[in-house]
Amino acid sequence: MKKRFTWVVTLIALISLLAAACSSGSDTGSNEGGSTEKVKLTIWHNFAGDDLRAKAVRGLIDEYKKNNPNVELDAQAIPVDGYRQRLSTVAAGNEMPDVFFVYAGSQSQEFYDAGLLQPITPLAEEYPDWKANFMDGAFDRFEFEEGQIYSAPVGLSATSFLYYNKDLFERYNVTVPTTWTELMTAVKTFNDNGITPIALGNKAPWVAQSTILGSLADRVTGTEWFLKAVKGEASFTDQVFIDALAKFKELVDNKAFQEGANSIDNTQAEQYFIQGNAAMMISGAWTLTNLAASATDEQMAPIEVTTMPAIEGGAGAPGTISGGAGGGFALSKNTEGAVKEAALDLIYAISGPDGQKAIAESNSMVMYKMDLENANVSPLYLKAFNVAKEAGITPVYDAYLSAEAGEAINNGLQEIMMGGKLEDVAKKLQDAQARSTQQ
Amino acid sequence: MPSSLRARSFVTLALLPALLIFLTFGIVPIIWSAYYGFFDWSGLGALKFVGLDNYEMMLQDPIFWRALKNNLILVASAIIGQVPIALLLALLLLKNSMFNRIIRSAVFMPMVLSTVVVGLIWGYIYQPQFGLLNTMLDMLGLDSWVRAWLSDPKVNMYAVSIPINWANIGPYLVIFIAALQNISSEVNDAAKIDGAVGFRKLFYVTLPIIWDTIIVTIILCISGSLKAFDHVIVMTGGGPAQSTELLATYMYNNSFTVYRYGYGSAVSTMIILISALLIGLNYFITKRRS
């Protein structure tokens with residue numbers, strides 16, 4: 001059955017190739033030089049929304065289209081929620097678009113393993129300054145072979161800023177926590193005064209893992225231990241990870257989060273926070289964008305941003321933020337010749353210096369070093385960008401874990417919030433991760 | 001003979017397109033997914049034949065059993081909730097008065113709404129801080145009943161089943177009204193002459209006549225509840241910690257969140273088997289009754 005399917009696909013591909021050959025043949029016939037030959041290029045991305053970043057990226061693509069009239073560009077903007085599935089579906093049929101947005105981490109790895117990508121190293125050779133200007137670790141998840149890069153990140157997904165409401169901290173005379181003890185004091189004081197200490201919307205269960213656990217556990221276990229555990233050289237059932245989960249449980253037990261955090265979504269939690277019902281919110285850079293889009297200037301004024309507090313006695317460095325390269329544009333293995341040239345140009349048009357600046361000016365984080373003091377960005381964004389520039393970046397759990405293990409810890413954190421046992425959660429995570437490293 | 005043969009071949013010909021569509025989009029995918037169920041496959045890369053391993057893993061996974069239990073809760077709530085309520089409403093709203101029509105439309109309305117809308121509306125009703133339900137309980141002085149309806153694993157499955165029932169009563173109401181209106185007036189007149197009124201008429205005349213319709217609605221309830229998916233995915237996504245996981249969301253999460261396509265296919269095959277079993281069971285029970 002599979003074979004027959006492959007046959008049909010090949011046949012269709014052949015026919016379309018033939019058609020393409022014919023049409024380009026007639027094109028060159030009319031334009032002697034052949035340099036105006038129409039190149040057909042497809043790009044898929046998930047910048048489909050109405051937010052500033054999506055508009056910025058779409059703007060870059062439109063500009064490329066305008067500057068390259070010889071390229072017939074078919075750009076598909078697919079909503080974020082369905083994007084992974086859509087791409088996986090065409091990947092299964094080996095019908096990838098020429099250029100596509102790929103998430104850094106498990107998705108890019110899976111595509112590389114399935115032999116669907118080819119390197120964009122020619123761009124790095126052509127523009128060495130451009131490559132040198134990226135922040136440390138920008139290519140960690142895209143450098144599958146020594147010296148070959150398969151994509152360049154167009155974003156920094158910083159997942160664990162500590163946002164806080166300055167006014168509430170002043171009103172109740174609480175110091176902004178820099179240590180765990182201070183954080184617990186703050187939690188208690190706010191609870192005594194009927195203010196939710198930390199807003200959390202964990203209905204989509206990745207939220208607590210991505211925003212809180214990544215940073216929290218890194219402070220307890222250190223980055224090195226985590227990377228070992230991912231490879232199977234340490235176990236998530238180790239005491240040190242149980243201790244990290246215990247810190248999360250301590251937050252739950254002290255009612256740091258509002259009631260029913262598991263059934264409201266992240267956006268609702270952001271609203272709850274910005275309306276002054278909660279004193280803090282631990283969230284990613286996306287909250288900057290969401291708040292900028294929905295909150296009034298008055299609501300934004302008291303909001304400050306910092307890193308999560310240090311944990312006394314932990315093995316990890318304080319002042320870090322969990323995050324990573326936020327995905328970039330990759331090139332399909334099947335793209336060759338003139339189409340490949342055009343595709344590389346398109347990738348540079350989006351991920352190059354001008355593209356990075358345009359994305360930064362849409363108030364979203366990039367991994368590209370530049371001066372934004374005079375750029376057209378919001379004050380809160382500038383604060384966050386400067387915090388991120390200074391802070392070390394530590395791994396986000398689900399970017400390194402297998403998809404199954406990521407799901408296990410996501411559900412595990414919800415279980416802890418419902419009173420589940422730490423050891424059980426750790427064991428499920430370990431089992432799921434072990435299954436994927438065996439393969 | 002030839003004319004009847006011609007008629008039959010015409011019928012066959014006329015049915016062919018529909019049959020073809022049904023086969024390609026209804027039956028073939030079922031066979032394909034049953035086939036994928038024997039493989040370890042991430043959706044990308046090579047398929048690895050594993051025989052019945054996926055099924056074995058499924059039967060050993062406590063989450064599968066929880067999903068099945070949740071599905072059975074839904075089936076029970078649909079049979080206890082939707083069918084009797086729809087029947088009662090049909091009996092009350094049988095006459096074609098203006099008032100009855102308005103109420104009928106109101107009952108049918110949630111069916112017309114997109115399930116996503118229904119899920120979102122009830123999500124807000126159940127919202128723990130400012131949701132309608134908790135605010136109302138507060139106002140009535142029932143503070144002790146206030147809870148996070150969709151988070152608390154003790155109640156969230158029941159909380160989720162209410163909107164599903166609410167949204168699905170409409171079509172059954174219409175089916176029952178149609179069945180009741182089909183009862184010929186002679187039967188009603190004869191019952192009246194024999195002095196069968198009220199409950200006596202209901203149990204000895206009306207219900208036996210529409211018994212077949214009731215069986216059909218129960219079958220629809222069972223199959224509908226077993227493939228329930230959209231309301232739950234909108235309201236809870238199967239969470240928290242998979243406490244409201246249904247077979248369909250379990251299948252979805254395995255295939256599309258964790259990328260175990262082979263395992264997900266095995267689960268969907270299992271859903272078909274369980275539906276067939278329950279519907280067969282229902283068939284035997286109700287057959288004996290009649």
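Residues 202–226 of chain B form a stretch that is 96% helix and 0% strand, and the C-alpha atoms at its ends lie 31 Å apart. The model that shows this stretch is a predicted one. In the UniProt record, an unreviewed entry, residues 202–226 of chain B are among those listed under "transmembrane region". The other listed stretches of chain B are residues 12–35, 72–94, 106–126, 157–181 and 261–285. One of them, residues 106–126 of chain B, is 86% helix and 0% strand, with its end C-alpha atoms 21 Å apart.

The unreviewed UniProt entry also gives a broader annotation, "domain: ABC transmembrane type-1", for residues 68–282 of chain B. Over residues 68–282 of chain B, helix accounts for 75% and strand for 0%, and the end C-alpha atoms are 17 Å apart.

Chain B may next be considered as a whole. Its secondary structure consists of 13 helices and two strands. Taken along the principal axes, the C-alpha atoms of chain B fill a box of roughly 80 × 70 × 35 Å. Of the 290 residues in chain B, 33% are buried. When contacts in chain B between residues at least 6 apart in sequence are considered, 68% of them join residues at least 24 apart.

One residue of chain B deserves attention for its backbone. B:A241 is not a glycine, yet its phi is positive, at about 50 degrees. B:A241 is found in the loop between helix 11 (230–235) and helix 12 (247–257) of chain B. Is B:A241 buried or exposed? A residue counts as buried if 20 or more other C-beta atoms lie within 10 Å of its own. B:A241 has 23 other C-beta atoms within 10 Å and is therefore buried.

A similar question can be put to chain A. The phi of A:K255 is near 55 degrees, a positive value in a residue other than glycine. A:K255 is placed in the loop between helix 11 (239–253) and helix 12 (266–274) of chain A. Because A:K255 has 15 C-beta neighbours inside 10 Å, A:K255 counts as partly exposed.

The two chains also touch each other. How many residues does each chain bring to the contact? Chain B supplies 20 residues and chain A supplies 26 residues. On the side of chain B that touches chain A, 10 residues are nonpolar, 10 are polar and none is charged.

Within chain A, a pair of helices illustrates how such elements pack. Two packed helices are described by the angle between their axes and the distance between the axes. Helix 9 (residues 206–221) and helix 19 (residues 403–417) of chain A pack at an angle of about 90 degrees, and their axes are 7 Å apart. Helix 9 and helix 19 of chain A are therefore roughly perpendicular to each other. From helix 9 of chain A, the contact draws on A:W206, A:A208, A:Q209 and A:L213, while helix 19 of chain A contributes A:I409, A:N410 and A:L413. Five of the residues in this contact of helix 9 with helix 19 of chain A are nonpolar, two are polar and none is charged.

Chain A also contains sheet structure. An open sheet of three strands in chain A has the order 6-11-13, with mixed pairing. Its edge strands are strand 6 (156–158) and strand 13 (393–394) of chain A, each of which pairs on one side only. What is the sense of the pairing between strand 6 and strand 11 (residues 321–325) of chain A? Strand 6 and strand 11 of chain A are antiparallel and are joined over three bridges. In this pairing, A:A158 stands opposite A:G323, and A:L156 stands opposite A:A325. Strand 11 and strand 13 of chain A, in contrast, pair in the parallel sense over two bridges. Here A:S322 has A:T394 of strand 13 of chain A as its bridge partner. Strand 11 of chain A is mostly covered, for five of its five residues are buried.

A further pair of strands in chain A can be compared with this sheet. Strand 7 (residues 161–165) and strand 10 of chain A run antiparallel and are joined by four bridges. A:Y163 stands opposite A:V305 in strand 10 of chain A. Strand 10 (residues 303–306) of chain A has a covered face made of A:I303 and A:V305, and an uncovered face made of A:E304 and A:T306.

Note on methods: Residues are numbered from 1 along each chain as its sequence is written. Chains are lettered from A and ligands numbered from 1 in the order in which they are written. This is a predicted model: local features need pLDDT of at least 70, side-chain atom pairs count only at pLDDT 80 or more; totals for chains, interfaces and linings use all residues. Two residues are in contact if their C-beta atoms, placed from the backbone, lie within 7 Å. Ala, Val, Leu, Ile, Met, Phe, Trp, Tyr, Cys and Pro count as nonpolar, Asp, Glu, Lys and Arg as charged, and the others, Gly among them, as polar. A residue is buried if 20 or more other C-beta atoms lie within 10 Å of its own, exposed if 12 or fewer, and partly exposed in between; C-beta atoms are placed from the backbone. Axes are lines fitted to C-alpha atoms, for helices over the stretch in contact, and angles run from 0 to 180 degrees between N-to-C directions. Angles under 35 degrees count as roughly parallel, over 145 as roughly antiparallel, 65 to 115 as roughly perpendicular and the rest as oblique. UniProt positions are given in the numbering used here, feature names are shortened, and annotations may be inferred rather than shown by experiment. Two strands pair if DSSP finds at least two bridges between them.
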